Amino acid sequence: MLVGLAVPAASAVADTSKLGKEHLPVQPKAVVRGKNKLCCGYPMVDDQQWALRFYWLTRETDYDDAPPDSVPRRGACALPANRWVELYTNDGYFFGRVPERYACSLKLEGSGLMRDDRVVNYTGACKFGYGTCFEQLDVIDFPFGRGAGLRPLIPFKSVAVDPRVVPLGEPLYIPEFDGMVLPDGSIHDGCVRADDTGGGIKGRKLDFFVVTYGNFRMLLDGLLGVTWITPEVEAPRCDYLRDR
């Protein structure tokens, strides 16, 4: 079972089931402006010129009866509830039989929690079963899924980026997040870290890992619909997230 974080009972490649997809040009590297004296970092863009999106750990149990607001109702994974598929590992070992809409969500989000508490990751296209393969993760090392390489996803701290623009492991300060109330009642300090990538994340775009779809809905309300942000680099207040 997942432990250590209270989340509401309701969990990156494409964004069709989230807020839409932005087709933004890829920069060869990030361009920063003068230092922000108030926040101590260097803004990478003018105010709110970076697209904000969200992703989460998709949970198989959320698709049992699919109560309102527990799973996305539109987009690529809005499939009939009575369609099931078989999942396999890259080596062809049977992984499980799940609703197709859950398998679709698992591919979309990248990490998921199976009904039997296995934490799994999408590993790419393959010739078995559903046509995409998965692997089981060590729940001790990766309780909320795995990002790029061997980076564990950290609730409300991990973000997915285009590594051609933001290096993996780079801490970022997001002023729009500073002071945001999180689902467990704590207050966000605005600091996140580039822990993940995704096929749909190009250029000036950031996906924020929020654990569950229910958290996504709550945080979007708390942000008052803000879907554009102003990331800053080299902010001393976020240095505690830098890889040591």
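User: Is Cys238 buried or exposed in this model, and what is its relative accessible area?
Analyst: This is a predicted model. Buried means under 20% relative accessible area. Cys238 falls in that class, so the answer is buried, at 1%.

User: Which residue is joined to Cys238 by a disulfide?
Analyst: A disulfide is a covalent bond between the sulfur atoms of two cysteines. For Cys238, the S to S distance is 2.0 Å. The partner is Cys191.

User: How many residues apart in sequence are Cys191 and Cys238?
Analyst: Cys191 sits in strand β11 (residues 191-196). Cys238 is in the segment after β14 (232-233). The pair therefore ties together parts of the chain, and the separation is 47 residues.

User: Is the link of Cys191 and Cys238 left-handed or right-handed?
Analyst: The angle about the S-S bond is -80 degrees. Cys191 is buried, with a relative accessible area of 0%. The link of Cys191 and Cys238 is left-handed.

User: Where do Cys77 and Cys104 lie in the chain?
Analyst: Cys77 and Cys104 form a disulfide, with sulfur atoms 2.1 Å apart. The pair links distant parts of the chain, 27 residues apart. Cys77 is in the loop between β3 (58-59) and β4 (84-88), and Cys104 is in helix α1 (residues 100-109).

User: Why is the disulfide of Cys126 and Cys133 right-handed?
Analyst: The sulfur atoms of Cys126 and Cys133 are 2.0 Å apart. Cys133 is buried, at 0% relative accessibility. The disulfide is right-handed because the torsion about its S-S bond is about 85 degrees.

User: What pattern do the disulfides of the chain follow?
Analyst: A search of the whole structure finds 3 disulfides. Count the bonded cysteines along the chain. The pattern is 1-2, 3-4, 5-6.

User: Which residue's backbone oxygen does the side chain of Lys157 reach?
Analyst: Lys157 lies in the loop between β8 (132-136) and β9. Lys157 counts as buried, at 18% relative accessibility. Leaving aside neighbours within four places in sequence, Lys157 has contacts including Asp189, Arg193 and Tyr240. Its side chain reaches a backbone oxygen at 3.0 Å, that of Cys191.

User: How many of the residues of β2 are buried?
Analyst: Trp50, Leu52 and Phe54 are buried on one side of β2. Ala51, Arg53 and Tyr55 are buried on the other. β2 is largely enclosed by the rest of the structure, because the buried count is 6 of the 6.

User: In what sense does β2 pair with β13, and which residue there is the bridge partner of Trp50?
Analyst: β2 and strand β13 (residues 228-229) are joined over 2 bridges. The pairing is antiparallel. In β13, the bridge partner of Trp50 is Ile229.

User: How many bridges join β2 to β12?
Analyst: The strands β2 and β12 run parallel. Tyr55 stands opposite Phe209 in β12. The number of bridges joining β2 to β12 is 5.

User: Which elements do the buried residues of α2 pack against?
Analyst: In helix α2 (residues 213-222), the buried residues include Tyr213, Phe216 and Leu219. Leu220 is also buried, at 18% relative accessibility. The buried residues of α2 pack against β2 (50-55) and β12 (205-209).

User: What distance separates the C-alpha atoms of Leu220 and Phe54?
Analyst: Leu220 is found in helix α2. Phe54 belongs to β2. The two residues are 166 places apart along the chain. Their C-alpha atoms are separated by 9.2 Å.

User: Which residues of the largest nonpolar core touch the most other members?
Analyst: This core holds 40 residues. β2, β9 (158-160), β11, β12 and α2 each supply at least two of them. Those touching the most other members are Phe54, Phe177, Leu206 and Phe208.

User: Which residues does Phe177 touch, not counting those up to four places away in sequence?
Analyst: Contact means heavy atoms within 4.5 Å. On that basis, the residues are Leu52, His188, Gly190, Val192, Phe208, Leu223 and Ile229.

User: What phi does Leu224 take?
Analyst: Leu224 comes just after α2. Its phi is positive. The value is about 55 degrees.

Terms used: Residues numbered from 1 in each chain as written. Predicted model: local features only at pLDDT ≥ 70, side-chain atom pairs only at ≥ 80, totals over all residues. Heavy atoms only, no water. Disulfide = S-S within 2.5 Å. Helix = DSSP H or I, 4+ residues; strand = E, 2+ residues; numbered from the N terminus. Buried < 20%, exposed > 50% of the residue type's maximum accessible area, 1.4 Å probe, protein only. Core = buried A, V, L, I, M, F, W, Y, C linked by side-chain atoms within 4.5 Å. Polar contact = N/O pair within 3.5 Å; in protein donor to acceptor, adjacent residues only side chain to side chain. Pairing = 2+ DSSP bridges.
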